[in-house]
Amino acid sequence: MSIKDDFKKFAMRGNVMDMAVGVIIGGAFGKIVSSLVNDVVMPPLGMALGKMDFSNLFISLNGKEYATLEAAKKAGAPVLAYGSFINSVLDFLILAFVIFLMIRQINKLTPEPAPAPEPHLCPYCKSEIADDATRCPHCTSHLE
């Protein structure tokens, strides 16, 4: 079998296609969550904390003062943009919480697997045997 045939067989499996759809939907959902954090959650939080803009929080590493993060980046200054990091952490926490809720619901809808039946044991050697066995395959005793 050639590499092309192997790859085609791999790529056309149901699991790979499901995973690809999941990645695409996950990327789109990630954008929605980022918009939620940046455009809905952070502005009121910034207002509550004294009109603070989290996306503009940074530390200039060259010791100079800059009015905004954009001005520092235009000047080519090295910066620690910790406000963007805070937004990304909130993105992650919201996304993780939503995924947790989804998996929790899916687990509630999925029926519990039936418990495995008790194994049939030989009364003499206590080895596991088939239910319809007339002799124990381990100790060869006759079974009733």
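1. A helix's expected span here is 1.5 Å times one less than its number of residues. Keep that in mind for H4 in this predicted model: the helix covers residues 82-109, 28 residues in total, and runs 41 Å from its first C-alpha to its last, close to the expected 40 Å.

2. On confidence, the protein averages a pLDDT of 84, and 99% of the residues score at least 70. Among the elements, helix H1 (residues 3-11) sits at the bottom with a mean of 80, while strand S2 (residues 79-80) comes out highest at 89.

3. Back to H4: its buried residues are Gly83, Asn87 and Asp91. Asp91 is the one I'd look at. This helix H4 residue is buried yet has no salt bridge. The nearest side chain of opposite charge belongs to Lys31, 12 Å away. What Asp91 does touch, leaving out residues up to four places away in sequence, is Val33, Ser34 and Val37.

4. Now the cysteines. Searching the whole structure turns up zero disulfides. Cys122 is in none, with the nearest cysteine sulfur, that of Cys139, 3.7 Å away. Cys122 is also buried, at a relative accessible area of 0%.

5. Why is Cys125 not bonded to Cys136? Cys136 holds the closest cysteine sulfur, but the sulfur of Cys125 is 3.6 Å from it, too far for a bond, because a disulfide needs the two sulfur atoms within 2.5 Å. As for exposure, Cys125 is partly exposed, with a relative accessible area of 31%.

Methods:
Residues are numbered from 1 along each chain as its sequence is written. Side-chain values use heavy atoms; hydrogens and water are left out. Helices (H or I, at least four residues) and strands (E, at least two) are DSSP runs, numbered from the N terminus. Buried means under 20% relative accessible area, exposed over 50%, partly exposed in between (1.4 Å probe, protein chains only). pLDDT is the predictor's confidence in each residue, from 0 to 100. Lys and Arg count as positive and Asp and Glu as negative; His and the chain ends are not counted. A salt bridge is a side-chain nitrogen of Lys or Arg within 4 Å of a carboxyl oxygen of Asp or Glu. Contact means heavy atoms within 4.5 Å.
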